[in-house]
Amino acid sequence: MKYTYDDVDGVAAYLFHRGENAESYGLFGPHRRDGGISFTLYAPRAEKVEFAAASNDWQGLPMKRDTATGLFQITADVPEGDSYKFKILGEGGWTWKADPFAFSSEKIPGTASVAVPLEAIPEGEILAPPLYSIYECHLGSWMRSEDDDFLNYRELAHKLIDYVKEMNFSHVELLPIMEHPYDGSWGYQATGFFSATGRYGSPQDFAYFIRYAHEKGIGVILDWPCAHFCKDEQGLRYFDSTPTYESDAPYFAENRIWDTMAFDFTKPHVRSFLYSSADYFARLGIDGIRVDAVSYMLYKGFGEEATDTKDPANVREESLYFLKELVGRIKARHPKLLMIAEESEDFPGLTAPQASGGVGFDRKWNMGWMHDTLKYMEMDPIYRKYHHDALTFPMVYAFNERYILPFSHDEVVHGKKSMLNKMYGGYEEKFAQLRLLYLYMVAQPGEKLLFMGQEFGQFKEWVDHEELEWFLLDYDSHKSLKEFVQALLKIHRDHAALSCPLPAYEGFKWQAVDEKEASSIAFSRIAEEEEILVACNFTPTETTLRLPLEGTYLRLFDTHMKKESPTPEDGYLSIKLSPYEGSYFIKE
């Protein structure tokens, strides 16, 4: 195999070493050059590095260390699509590593990188459709082929995106699609931070998925785990046989919650690496990035010991700096890209502008609302009157941040039960309460997120290696629940009072907040001269709410598909609610 050596871009390397290169995929990874494909590698403490490819029977070709930048480089006449790895000689001997900047990877169980040059991957435009509701999806188990294998990104585009469009979601959010060796990690333990996993096809196939979604008006959000990486030998762990991407201190190098390695944000090249990973997917045209495990990054000892999350001394300043720089750099380069934080510990100002001292995320998951609401819905209704604050307290902080209300994959695994089976009672009660829960959720301030299968009421928990229970749609209860969610999301999208993108206190008003004995509430959502009255009964008995409201309110939508409107009586509005009924009324 013929090979040569080219000069390394000194400016790009300088910025990479300083932690200021947000497009270092232009320096590293496969690139077309005269004479073949160029490869550049960061392995600062390696004694030697060799390039090995399948087309050369995995015989190592010596890479040259560039004296000015310290990077290793080679240009080899390998064919596009060839599998390759790096052989690295360090203090621990020879190891075989995948390319950290590879844009494509072998389908598991293969562990090599695939020589797809950046120039062969189409760039995309960020669509940035209005954010209303998100369909969270795990591509490997949403739907599978007839022989129980993965579908290709292109097949998924036509099946999944068409379904998301039909259901009236505005966005699809994909559990991590960065290359990962273990299916059971759901993508959260990655080896390829620039490589859309080969399970579902090539990077060109993934680019097609994004393009097709945009043609249908659907935004694409990626779940992006940047706190840690897996320990598998081909990955980043001890990359040049010494700590390269993890901390030099063994205690801080490992993530003991997930048995992975933690990124060391004090290292400038780590920051460049991660900024560039996010920027690379933005280059493909994705519309949002959901940053995973923000609480773990921000708080010392998070998840391992008692942690005072209110103590500023417990904050990891290097992580806070990284997150601010991440958001700032990505938003400067891609202003329309949504940056979303998954953070569970109420860190202040995550969605506040950086100019006012915040971190600058566009949205944050409202984990407190989710936990309180699900706990309430799981209890026997006879006890709900003692926990009425689960319905009322979230409004105390509802406008402190810009929230997304999530019922995510984490809530339907590991013995937590499916959404349908969380609901208290028998078969019919479960469906009635799930409809009520979804109607109540959509009426709350903030955008919405449902995990796949929740829209038609799977009975069993999510299983990551099986497709959803689509056969359930042959049964009326599940089919009608799907149709209810479809109609509900259209109501949400079509009415500004429910979907106002900038929720504020002025857009929310309690109408019945103290109906503890009846476990019922009523409130108004107001925007753009439109007012929608929301009334919910969380008990299995009929109740009547008398609200001091004047004017005419017409029934817009409800869980029981009624048609009658409430009756005005002497300055009051009398609303009769059936068991587990939720209703929207629009003011004339």
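**View 1. Val116, a buried loop residue in this predicted model.** At 9% relative accessibility, Val116 counts as buried, because the cut-off for that label is under 20%. Val116 belongs to the loop that connects E10 with strand E11 (133-137). Leaving aside residues up to four places away in sequence, Val116 touches Pro30, Phe103, Ser104, Ile121, Pro203 and Gln204. If you would like a distance to try in your viewer, take Val116 and Glu155: they are 39 residues apart in sequence, and their C-alpha atoms are 21 Å apart in space.

**View 2. The closed barrel and its eight strands.** Follow the strands in the order E11-E12-E15-E19-E20-E21-E22-E23, and you will trace a closed barrel with parallel pairing. From one strand to the next, the twist averages 25 degrees. For one pair in detail, look at strand E12 (residues 171-174) and E15: they run parallel and are joined by four bridges. On the outer part of this view comes a helix as well: H9 (residues 367-378) lies across strand E21 (363-365) and strand E22 (403-407), and H9 runs at about 40 degrees to E22.

**View 3. Val220 in strand E15.** Strand E15 covers residues 219-224, and Val220 has its place there. Is Val220 buried or exposed? With 0% relative accessibility, Val220 counts as buried. The bridge partner of Val220 is Val172, and Val172 is also among the residues that Val220 touches. Other contacts, not counting residues up to four places away in sequence, include His171, Leu174, Phe209, Ile210, Ala213, Ile286, Asp287 and Gly288. Leu127 makes a handy reference point too: Leu127 and Val220 are 93 residues apart along the chain, while their C-alpha atoms are separated by 8.8 Å.

**View 4. Helix H3 beside helix H4.** The axes of H3 and helix H4 (residues 203-215) come within 8 Å and cross at roughly 20 degrees. That angle is under 35 degrees, so H3 and H4 are described as roughly parallel to each other. Their crossing is right-handed. On the H3 side, the residues that meet H4 are Tyr153, Arg154, Leu156, Ala157, His158, Leu160, Ile161 and Asp162. Their counterparts in H4 are Gln204, Asp205, Phe206, Tyr208, Phe209, Tyr212 and Ala213. Sorted by class, the contact of H3 with H4 holds ten nonpolar, two polar and three charged residues.

**View 5. Helix H6 crossing helix H8.** Here the axes of helix H6 (residues 268-284) and helix H8 (residues 317-333) come within 10 Å, with a crossing angle of roughly 40 degrees. H6 and H8 are therefore oblique to each other, and H6 passes H8 in a right-handed crossing. Which residues of H6 make the contact? They are Arg271, Leu274, Tyr275, Ala278 and Asp279. From H8 come Tyr321, Phe322, Glu325, Leu326, Arg329, Ile330 and Arg333. In terms of class, the contact of H6 with H8 has seven nonpolar and five charged residues, with no polar ones.

**View 6. A three-stranded open sheet.** The strands of this sheet follow the order E16-E18-E17, and the pairing is antiparallel. Strand E16 (228-229) and strand E17 (254-255) are at the edges, each with a single partner strand, so one side of each is left without a neighbour in the sheet. E17 and strand E18 (residues 260-262) run antiparallel, joined by two bridges. To find a specific pairing, look for Asn255, whose bridge partner in E18 is Thr260.

**View 7. Backbone details in three loops.** Begin with the cis peptide bond between Ile108 and Pro109, where omega is about 10 degrees. Pro109 sits in the loop between strand E9 (93-97) and strand E10 (113-114). Next comes Asp148, which is not a glycine but has a positive phi of about 65 degrees. The loop that holds Asp148 lies between helix H2 (139-142) and helix H3 (153-166), and Asp148 counts as partly exposed at 47% relative accessibility. Glu529, also not a glycine, has a positive phi of about 60 degrees. Glu529 is in the loop between strand E25 (520-527) and strand E26 (530-537), and at 87% relative accessibility Glu529 counts as exposed.

Technical notes. Residues numbered from 1 in each chain as written. Predicted model: local features only at pLDDT ≥ 70, side-chain atom pairs only at ≥ 80, totals over all residues. Heavy atoms only, no water. Pairing = 2+ DSSP bridges. Buried < 20%, exposed > 50% of the residue type's maximum accessible area, 1.4 Å probe, protein only. Axes fitted to C-alpha atoms, helices over the stretch in contact; angles between N-to-C directions. Parallel < 35°, antiparallel > 145°, perpendicular 65-115°, else oblique. Left-handed = near helix turned anticlockwise from the far one by under 90°. Contact = heavy atoms within 4.5 Å. Nonpolar A, V, L, I, M, F, W, Y, C, P; charged D, E, K, R; others polar.
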